[in-house]
There are 2 protein chains.
Amino acid sequence: MTADAPPRGLVLVVEDEPAIADLVRLYLARDGFGVHLERDGEAGLAAARRLRPVACVLDIALPHLPGTEVCRRLREAGDWTPVIFLTARDDEVDRVVGLELGADDYVTKPFSPRELVARVRAVLRRAAGPPGGRPRTVGAVTLDPDRRTVTAAGVPVQLTSTEFDLLAHLMARPGRVFTREELLAGVWGYAAHAGTRTVDVHVAQVRAKLGEASMIRTHRGVGYAADA
Amino acid sequence: MTADAPPRGLVLVVEDEPAIADLVRLYLARDGFGVHLERDGEAGLAAARRLRPVACVLDIALPHLPGTEVCRRLREAGDWTPVIFLTARDDEVDRVVGLELGADDYVTKPFSPRELVARVRAVLRRAAGPPGGRPRTVGAVTLDPDRRTVTAAGVPVQLTSTEFDLLAHLMARPGRVFTREELLAGVWGYAAHAGTRTVDVHVAQVRAKLGEASMIRTHRGVGYAADA
DNA sequence: CGCTTCCTTACCGAACCCGAACACGTACCG
DNA sequence: CGGTACGTGTTCGGGTTCGGTAAGGAAGCG
């Protein structure tokens, strides 16, 4: 089931070589990203402004307007959307120029599409930043994002990193029901790939560790939610 | 990155190449700094005296008056505002001269603007911080920022400079979990791409020196924290 | 020239994640 | 009321990732 609505957001790809562009689009789409393709710098810049993608993948050598220039203009306009450059060769000059212009990462051609996807994910994760914030309490459970600690009925509970992220995600919006796909995307960074029981297993683990204080409710046929 | 809303003070940037100057201004402004731009050494020196910035970013190769000279004159006048040099090349002469003149850091061109911002922040943190004021104790470990000494269970421990800074950074906010990236940025001043084990090695070193008294906790998949 | 400090690399053990399989409970339907 | 199907809870082992550790080399310093 290929999702119609991109659960992970839109990525703008500006690349003039159709073969490469298709490849990139294929892999990003397979990973759950929406993809918008442009062939030259001008159109790319316009699309970036119009569509507000969550990230941009820019070839450096582009007709009309080099990718570096697209990036620079975005930055000048106060647009800090993460940018990943595609450079023709592992050329020190290109690399450096890219970073000077405020790119978040770069990939040299020829490249592995998997690597590109991984970098897009990494960049997005970084842009999301360390999940800071004040401690939050739901029922008898208190969660501190800074300290990454959890207490259930006043007793400290030791959660693994994934367990903590899962609980934090649920507690960020108490009462809101999250589907398994949403949780996979938000916590694991995966595209919605149904058929896995991973979320269930981790929910069970968190519930076990929280004991009686657990306030994760199952919504049959839908997903999970923290009590409001 | 912590998102600090309040203005973080004015940074003076003296750089004759408009492209680079704009870039630096963009990034500093984005990070919450006020920015004042000058194009040559004379004007830069005057601006520094007039505006009293919290930090200066000086290109070394400047019209009228080299950046090194600007720095030297400031120091002569008793102005110890933190200075970061921009050097055209990783030139040994420039480096030494710069630091001799009382610069706090330097960045070689071409550079990543993110790294420059990170260094400005690091320099300010350092400048703000001979204080720390009172010694701080966490568990059996006591750290004195003024004397740069550490005792574990009452026994003096000799730490190297980097080790001390790392421990101080962690102890500044006990309980708070710092990612490796945050530590690299805060202690080393890198706008680091991850992928290095530097932090781990230094943590191990500190732990070894603190012995049983060590209270640095590993948060798997995240980073490190000092016990609360 | 030797010493210290710092950073990198490589290896290893341990913790953790994930998928599969099975058990259980609930909703639906005859 | 019993049966069946589907969704969820739970357990467990393999494979992978992550962090601790040791060793080596470069750079600064006396």
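Val157(B), in strand E9 of chain B, is the bridge partner of Val150(B). This pairing belongs to a predicted model, and the report follows chain B outward from it before turning to the DNA strands.

E9(B) covers residues 155–157 and runs antiparallel to E8(B), with three bridges joining the two. Two residues lie between these strands in their hairpin, where Ala153(B) adopts a positive phi near 55°. On E7(B), residues 141–144, four bridges lead to E8(B), residues 149–152, again in an antiparallel arrangement. Val141(B) faces Ala152(B) of E8(B). The hairpin of E7(B) and E8(B) has four residues between its strands, and Arg148(B) has a positive phi near 55° there.

The surfaces near the two DNA strands are described next. Around DNA strand C there are 20 residues, of which Thr162(A), Thr196(A), Thr160(B), Thr162(B) and Arg197(B) come nearest. Two or more residues of this surface come from each of helix H6 (161–172) and H8 of chain A, and from each of helix H6 (161–172) and H8 of chain B.

DNA strand D has 18 residues around it; those that come nearest are Ala204(A), Thr218(A), Asp200(B), Ala204(B) and Thr218(B). Helix H8 (198–210) of chain A and helix H8 (198–210) of chain B each contribute at least two residues to the surface near DNA strand D.

The composition of each surface by class is as follows.

| Surface | Nonpolar | Polar | Charged |
|---|---|---|---|
| near DNA strand C | four residues | 11 residues | five residues |
| near DNA strand D | six residues | four residues | eight residues |

Note on methods. Residues are numbered from 1 along each chain as its sequence is written. Chains are lettered from A and ligands numbered from 1 in the order in which they are written. This is a predicted model: local features need pLDDT of at least 70, side-chain atom pairs count only at pLDDT 80 or more; totals for chains, interfaces and linings use all residues. A residue is near a molecule or strand if its C-beta atom, placed from the backbone, lies within 6 Å of it. Ala, Val, Leu, Ile, Met, Phe, Trp, Tyr, Cys and Pro count as nonpolar, Asp, Glu, Lys and Arg as charged, and the others, Gly among them, as polar. Two strands pair if DSSP finds at least two bridges between them.
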